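This report covers the fold, the salt bridges, an enclosed cavity and a surface patch of one protein model. Please consult the sequence and coordinates alongside the text.

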Amino acid sequence: MFLLSGLTAAQKVEIEKLDYHHYLPLFFDGLCETTHPYEFFARQGVHDLLEHGASKVLPVIPQLIIPIKNALNTRNKQVICTTLKVLQHLVVSGDMVGEALVPYYRQILPILNIFKNVNVNSGDGIDYSQQKRENIGDLINETLEVFERFGGEDSFINIKYMVPTYESCILN
């Protein structure tokens, strides 16, 4: 038995029995949250569902695009970083998920193009955001690389079209 973060403490449900068409988009909608504990519940719920979803994730992809786009369009760096980590997890969560996202790159990638070169310059100081994976420019690059690796043969050309400064991690 798993306790899904978004359910009340009294509601225990086997995660495999949940309706992914209902719950996964609901938790993706919560990625826009910045207030504790709501942002934690949304993030943990998404990761729990992706971890145990396997074949249930792929059919829900079209329903996830608007919540993903909304989260990225907040332009809140915390929300964008959380969403990028979730996107990386989403792509590797099941077979064909990365390829299923390729047609939606035109909706997802424009905001990544805007923030791609935003990196923390701490001068002589120590940048702890790298350890926490909160450096937005690095996270965007990681996410684009995951998209390319798992998106199939058309992924690079589609990424390059939306993010012209992106350099292939496979071709180089």
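The protein contains 9 helices and 0 strands, where helices (H or I, at least four residues) and strands (E, at least two) are DSSP runs numbered from the N terminus. Along the sequence the pattern reads α-α-α-α-α-α-α-α-α. This is a predicted model, in which local features need pLDDT of at least 70 and side-chain atom pairs count only at pLDDT 80 or more, while totals for chains, interfaces and linings use all residues. Residues are numbered from 1 along each chain as its sequence is written, and side-chain values use heavy atoms, with hydrogens and water left out.

Of the 172 residues, 43% count as buried; buried means under 20% relative accessible area, exposed over 50%, and partly exposed in between (1.4 Å probe, protein chains only).

**Salt bridges**

The whole structure holds 3 salt bridges, each defined as a side-chain nitrogen of Lys or Arg within 4 Å of a carboxyl oxygen of Asp or Glu.

| Salt bridge | N to O distance |
|---|---|
| Lysine 17 and glutamate 14 | 3.9 Å |
| Glutamate 39 and arginine 43 | 3.2 Å |
| Glutamate 167 and lysine 160 | 3.8 Å |

Lysine 17 counts as exposed because its relative accessibility is 63%, whereas its partner glutamate 14 is partly exposed at 34%. Glutamate 167 is exposed, with a relative accessible area of 51%, and lysine 160 is partly exposed at 26%. Glutamate 39 and arginine 43 both belong to helix 2 and stand 4 residues apart, about one turn of the helix. At 16% relative accessibility glutamate 39 is buried, while arginine 43, at 27%, is partly exposed.

**Cavity**

The search yields 1 cavity of 30 Å³ or more. On a 1 Å grid over the protein atoms alone, a cavity is a set of points where a 1.4 Å probe fits but cannot get out, and lining residues have an atom within 4 Å of a point. The largest cavity encloses about 50 Å³, a volume being the space filled by probe spheres set on the points, which are joined across faces, edges and corners. Its lining includes Glu39 and Arg43, together with Gly30, Leu31, Glu33, Ala42, Gln78, Val79 and Thr82. Helix 2 (38-53) and helix 4 (77-92) each contribute at least two residues to this lining. By class, the lining comprises 3 nonpolar, 3 polar and 3 charged residues.

Terms used:
On a 1 Å grid over the protein atoms alone, a cavity is a set of points where a 1.4 Å probe fits but cannot get out, and a pocket is an open set with protein on both sides within 12 Å along at least five of seven lines; lining residues have an atom within 4 Å of a point. Ala, Val, Leu, Ile, Met, Phe, Trp, Tyr, Cys and Pro count as nonpolar, Asp, Glu, Lys and Arg as charged, and the others, Gly among them, as polar.
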